[in-house]
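Thanks, everyone, for making the time this morning. I would like to walk through one model, and I will try to keep to what was computed from its atoms.

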There are 2 protein chains.
Amino acid sequence: MLESEAVVPCCPPLTERTLTAAEAERTAAMFKALSDPVRLRLFSAVASAPGGEACVCDISDVGVSQPTVSHHLKKLKEAGLLASERRGTWVYYRVEPSVLAGMGRLLTGAAPA
Amino acid sequence: MLESEAVVPCCPPLTERTLTAAEAERTAAMFKALSDPVRLRLFSAVASAPGGEACVCDISDVGVSQPTVSHHLKKLKEAGLLASERRGTWVYYRVEPSVLAGMGRLLTGAAPA
DNA sequence: GTGTTGGTTCGATGTGTGTCAACATAAATG
DNA sequence: CATTTATGTTGACACACATCGAACCAACAC
């Protein structure tokens, strides 16, 4: 199981040149992780949570069963977008810091302020 | 056929709050359009082309059959990421201007320089 | 008109994926 | 130990999707 193999320092901005097949493969994997409505809601719930992290119990109200939530969180983790840590009873997820900036740079070709 | 219905002024940054179901649906559709390696190569080919546009004949060398290229370009168009125009013999695709900035803002929460 | 080149649409097919119910694991609590 | 609560995993199923060849349309040349 290959998890969170550095997805950030991956590829040039989309406006720079045509991506190679390998670059496209890696970049597509990140977009694919965010291409499902449920995953997107889960991700934004974590990303917007105070402290940058949230326990599953706080974000699992997205209209699907709990196993499905777990499945989607796993996918986000495999894509390198989220990291998880168990603290006692609950499991907390947080956003991998550099990921958002990296994907933003991919689209805009510039670092945000 | 609903094409390019304003996708840009759609949704708040992912870090702001948990997206609503409707917001997640719309945002996921844009990410999904970029979640395929072939589409990503086609999109970057158009986005990086001089003048911001390219004819199909210039970008269709991505390792799949030409009908498949056409299929993917159609999807990108339906997602509001590309626009097409026929000029004589050839069909030209160009990037919808505000889309990249809009998606970048979605991820970083800030406008690029 | 016929022919040729560029592009899209149409079926068909195989693979991928989102979903849930059922089961399994992990930690706290009694 | 048994029980309860919180997550994760497995297996199965239905639907979506990427791909192709073949048929089709659009513009140009003859």
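I will take the contact between the protein chains and then each DNA strand in turn.

Please keep in mind throughout that this is a predicted model. Let me begin with chain A and chain B, where the contact takes 35 residues from chain A and 35 residues from chain B. Together the two chains bury about 2800 Å² between them, and 75% of that area lies on carbon and sulfur atoms. How many salt bridges does the rule find across this interface? The number is zero for chain A and chain B, while the count of residue pairs in polar contact between them, with both residues at pLDDT 80 or more, is four. On the chain A side, the elements giving two or more residues to the surface that touches chain B are helix H1 (21-33), H2 and helix H5 (97-108). By class, that side of chain A has 20 nonpolar, nine polar and six charged residues.

Turning now to DNA strand C, there are 25 residues around it, and those that come nearest are Ser65(A), Thr68(A), His72(A), Ser70(B) and Tyr93(B). Of the atoms of strand C that come within 4 Å of the protein, sugar and phosphate account for 79%. Looking at individual phosphate oxygens of strand C, one is 2.7 Å from an N or O atom in the side chain of Thr68(A), one is 2.9 Å from an N or O atom in the side chain of Ser70(B), and one lies 3.4 Å from a polar side-chain atom of Lys75(A). Which element gives the most to the surface near strand C? That is H4(A), with five residues, and the surface as a whole divides into ten nonpolar, nine polar and six charged residues.

For DNA strand D, 25 residues surround the strand, and the closest are Trp90(A), Tyr93(A), Ser65(B), Thr68(B) and His72(B). Here sugar and phosphate account for 76% of the strand D atoms that come within 4 Å of the protein. A phosphate oxygen of strand D is 2.8 Å from an N or O atom in the side chain of Tyr93(A), whereas with Ser65(B) a backbone N or O atom lies 2.8 Å from a phosphate oxygen. For Lys75(B), a polar side-chain atom lies 3.5 Å from a phosphate oxygen of strand D. H4(B) gives the most to the surface near strand D, with five residues, and by class that surface has ten nonpolar, nine polar and six charged residues.

Notes: Residues are numbered from 1 along each chain as its sequence is written. Chains are lettered from A and ligands numbered from 1 in the order in which they are written. This is a predicted model: local features need pLDDT of at least 70, side-chain atom pairs count only at pLDDT 80 or more; totals for chains, interfaces and linings use all residues. Side-chain values use heavy atoms; hydrogens and water are left out. A residue is near a molecule or strand if one of its heavy atoms lies within 4 Å of it. A polar contact is a pair of N or O atoms within 3.5 Å; within protein, one must be able to donate a hydrogen and the other to accept it, and residues adjacent in sequence count only if both atoms are side-chain atoms. Helices (H or I, at least four residues) and strands (E, at least two) are DSSP runs, numbered from the N terminus. Ala, Val, Leu, Ile, Met, Phe, Trp, Tyr, Cys and Pro count as nonpolar, Asp, Glu, Lys and Arg as charged, and the others, Gly among them, as polar. Contact means heavy atoms within 4.5 Å. Buried area is the accessible area (1.4 Å probe) that two parts lose on being put together, summed over both. A salt bridge is a side-chain nitrogen of Lys or Arg within 4 Å of a carboxyl oxygen of Asp or Glu.
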